[in-house]
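User: Could you take a close look at the nonpolar core of this protein for me? I'd like to see how it is put together and where it sits.

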Amino acid sequence: MPEYAFIGRSNVGKSSLINMLVNQHGLAKTSQRPGKTQLINHFLINEKWYIVDLPGYGYAKVSKTSREKWEKFIRAYITKRESLQCIFVLIDSRLEPQQIDIEFCYWLGEKQIPFSLLFTKADKQGMTTTQKNVAAFKKKLGEFFEEIPATFITSAEKGNGKDDVLQFIGEVNQDFVVPTE
Ligand code: GDP
């Protein structure tokens with residue numbers, strides 16, 4: 001079954017976003033605590049496709065060894081997964097481009113893994129700041145990629161971007177039916 005994975009730095013708002021997309025509160029647990037998602041969680045949607053909740057990267061409070069081990073595990077998972085249609089790389093729209101996010105995108109590019117950019121928490125600041133950070137991120141990617149991937153600006157708080165993301169998944173997977181509550 002087709003899979004759509006979501007990944008990003010700890011606390012980027014991944015659980016909240018997954019909740020928003022699947023429309024069922026509490027399905028992916030949200031937490032104030034960074035690094036809570038420690039396992040790869042699958043959510044079967046409409047018995048047709050999976051949302052794959054990948055653990056956050058860049059969690060500063062774990063040891064270097066366990067971080068490296070974890071990274072290896074995620075990277076192996078991503079590169080081996082044949083049913084993986086697209087990875088949504090979640091980026092905090094409040095921040096200027098972060099090296100760790102850029103490097104992860106570069107790595108996906110090297111491995112030729114399709115990905116999209118998904119900016120989170122857009123309700124937290126004005127649209128000008130969001131646009132500035134999004135543009136700066138794309139510019140950075142432009143140093144490496146000829147074509148910039150699909151970009152979504154979202155707010156799990158306000159529900160922004162939900163339809164666009166679901167429609168995009170629908171376009172990648174023709175059998176897709178938007179989940180109902
Ligand atoms: P995860 O660690 O990436 O899964 O992040 P969570 O979904 O647990 O969110 C981390 C924190 O950011 C929580 O306190 C959320 O309530 C908050 N948060 C997540 N998404 C949004 C958003 O779109 N807007 C706002 N204002 N807060 C958000």
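Analyst: Of the 181 residues in this protein, 45% are buried, and please keep in mind that the model is a predicted one. The surface comes to about 10100 Å², with 47% of that area supplied by carbon and sulfur atoms. As general background, nonpolar side chains in soluble globular proteins tend to be buried together.

Before we go inside, here is the framework. The protein has five helices and six strands, in the order β-α-β-β-α-β-α-β-α-β-α from the N terminus on.

Now to the part you asked about. The largest nonpolar core holds 27 residues, and Ile78, Ile87, Val89, Leu108 and Phe115 have the most contacts inside it. Two or more residues apiece come from β1 (3–8), α2 (64–80), β4 (84–92), α3 (99–110), β5 (115–120) and α4 (127–142). With six residues, α3 gives the most to this core. Where does that place the core? It lies between domain 1 (22–83) and domain 2 (98–175), because both of them give residues to it.

Leu108 is a good residue to zoom in on. Leaving aside residues up to four places away in sequence, Leu108 touches Ile78, Ile87, Val89, Ile113 and Phe115. There is also a second, separate core, made of 21 residues, with Tyr4, Val165, Leu166 and Phe168 among them.

Finally, a view of the whole chain: of the contacts between residues at least 6 apart in sequence, 72% join residues at least 24 apart.

Methods: Residues are numbered from 1 along each chain as its sequence is written. This is a predicted model: local features need pLDDT of at least 70, side-chain atom pairs count only at pLDDT 80 or more; totals for chains, interfaces and linings use all residues. Side-chain values use heavy atoms; hydrogens and water are left out. A nonpolar core is a set of buried Ala, Val, Leu, Ile, Met, Phe, Trp, Tyr and Cys residues joined through side-chain atoms within 4.5 Å. Buried means under 20% relative accessible area, exposed over 50%, partly exposed in between (1.4 Å probe, protein chains only). Helices (H or I, at least four residues) and strands (E, at least two) are DSSP runs, numbered from the N terminus. Domain bounds come from an automatic or database domain assignment. Contact means heavy atoms within 4.5 Å. Accessible areas come from the Shrake-Rupley method with a 1.4 Å probe; for residues, only the protein chains shown count as cover.
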